Amino acid sequence: MNHSARGDAGKRAAAEAAWAFLEEGTVLGVGTGSTVRYFIELLAQRRPRLEGAVSSSEQTSALLRAAGIPLLDLNATGPIPLYVDGADECDPWRRLIKGGGAALTREKIIAEAARRFVCIIDPSKRVDVLGRFPLPVEVIPMARSLVARKLVELGGQPVWRDGVVTDNGNWILDVHNLRIGDPVGLERAIDQIPGVVTVGLFARRPADLVLVGGERMPEPPP
Ligand code: 5RP
């Protein structure tokens, strides 16, 4: 089995394992990406009785619509019992890097609104220290260069994801060569730069539970 086939099997298994957490009759938050796509396929096949879903991206909204699942406005739902989403990296404390699919802002909003955030990943996403995957930062377009200079001061090498416009009309900087020893501190520092909309570090509000290719990730070390 090649690397990508193994990754696909892991994604599928994680999506299948997330099914056990679904509560019928409630609102579901749905993330973005290829792992979540497997979860939406299950929703389409099994048709659980859901009040509806809050979507994290236009891409996910299209898939949910095709699956016949009603889309709900977060302003009307209040707290969400369950949010299912993937990640680009995950450390032992369930802190994440997200935003490879450029949906980080809506993803972070839904994660914050969720009582339970179940993260589904294949084993390649597990790391001991975050930062191998370039850290996505969504920025207001006019602030791109300013934010990039500040990110260099923080020790990173930002690269503009040229040609990509987020669902919110903004741009993405991918920050390379960060070894993130203090994810909560770095999240806070980047959040404070004027022009930053969202940093793809999910450390202050990590996942509540991580399913790695169908297996529940062990509790973090004390
Ligand atoms: C999108 C995300 C995705 O969760 C992340 O990129 C993982 O995607 P995939 O499941 O395709 O590996 O954060 O913004």
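## Reading the sheet, the turns and the salt bridges

Q: Let's start at strand β13. Which residue there is the bridge partner of Val212?

A: Glu215 in β13 is the one bridged to Val212. Keep in mind as we go that this is a predicted model. Zooming out a little, β12 and β13 run antiparallel and are joined by two bridges.

Q: What is the order of the strands in the open sheet?

A: Reading across, you get β2-β1-β3-β6-β12-β13, six strands with mixed pairing. The edges are β2 and β13 (215-216), each of which pairs on one side only.

Q: How does strand β6 pair with β3 and with β12?

A: Take the β3 side to begin with. Strand β3 (residues 80-85) and β6 pair in the parallel sense over five bridges, with Ile80 standing opposite Ala114. On the β12 side, four bridges join β6 to strand β12 (residues 209-212), and this pair is parallel too. There, Val118 stands opposite Leu209.

Q: Is β6 largely enclosed or open, and why?

A: A general idea helps when you look at any strand: in a regular one, side chains alternate between the two faces of the sheet. As for β6 (residues 114-121), six of its eight residues are buried, so the rest of the structure largely encloses this strand.

Q: Next, phi angles. Which residues have a positive phi although they are not glycine?

A: The general rule is that most residues other than glycine have a negative phi. Here, Arg47 has a positive phi of about 45 degrees, and Arg94 has one near 65 degrees. Arg47 sits in the loop between α2 (34-46) and β2, while Arg94 sits in the loop between β4 (89-90) and β5 (96-97).

Q: Are those two arginines buried or exposed?

A: The cut-offs to remember are under 20% relative accessible area for buried and over 50% for exposed. Arg47 has 53% relative accessibility, so it counts as exposed. Arg94 has 18%, so it counts as buried.

Q: What do the side chains of Ser56 and Ser57 make polar contacts with?

A: Both go for the side chain of Thr32: Ser56 makes a polar contact with it at 2.7 Å, and Ser57 makes one at 2.7 Å. The Ser56 side chain also reaches the backbone oxygen of Gly31, at 3.2 Å.

Q: Where do these serines lie, and are they buried or exposed?

A: Ser56 lies in the loop between β2 (52-55) and α3 (58-66), and Ser57 lies in that loop between β2 and α3 as well. Ser56 counts as buried because its relative accessibility is 0%. Ser57 is buried with a relative accessible area of 3%. Leaving out residues up to four places away in sequence, Ser57 touches Thr32, Ala103 and Asp167. The contacts of Ser56 on that basis include Tyr83, Arg106 and Ile110.

Q: On to charges. How many salt bridges does the structure hold?

A: There are 11 salt bridges. One of them joins the side chains of Arg106 and Glu58, at 3.1 Å from N to O. That pair links distant parts of the chain, with Arg106 in helix α5 (residues 104-113) and Glu58 in helix α3, 48 residues apart. Arg106 is partly exposed at 24% relative accessible area, and Glu58 is partly exposed at 44%.

Q: What does the salt bridge between Asp85 and Lys98 tie together?

A: Their side chains meet at 2.8 Å, N to O. Asp85 lies in strand β3 and Lys98 in the loop between β5 and α5, so the pair ties together parts 13 residues apart in sequence. Both Asp85 and Lys98 are buried.

Q: How far apart are the closest N and O atoms of Asp122 and Lys125?

A: They are 3.8 Å apart in this salt bridge. Asp122 is buried with a relative accessible area of 3%, and Lys125 counts as buried at 15%. As for shared partners, salt bridges join Asp85, Lys98 and Glu107 into one network.

Q: Last one: which residues form a nonpolar patch on the surface?

A: Look at Ile140, Met142 and Val197, which together have about 310 Å² of accessible area. Val197 belongs to strand β10 (residues 196-199), and its 32% relative accessibility makes it partly exposed.

Definitions and conventions
Residues numbered from 1 in each chain as written. Predicted model: local features only at pLDDT ≥ 70, side-chain atom pairs only at ≥ 80, totals over all residues. Heavy atoms only, no water. Patch = residues over 30% accessible without salt bridge, like charges linked within 9 Å, V, L, I, M, F, W, Y side chains within 5 Å. Areas by Shrake-Rupley, 256 points an atom, 1.4 Å probe, with all protein chains shown as cover. Salt bridge = Lys/Arg side-chain N within 4 Å of Asp/Glu carboxyl O. Buried < 20%, exposed > 50% of the residue type's maximum accessible area, 1.4 Å probe, protein only. Polar contact = N/O pair within 3.5 Å; in protein donor to acceptor, adjacent residues only side chain to side chain. Contact = heavy atoms within 4.5 Å. Pairing = 2+ DSSP bridges.
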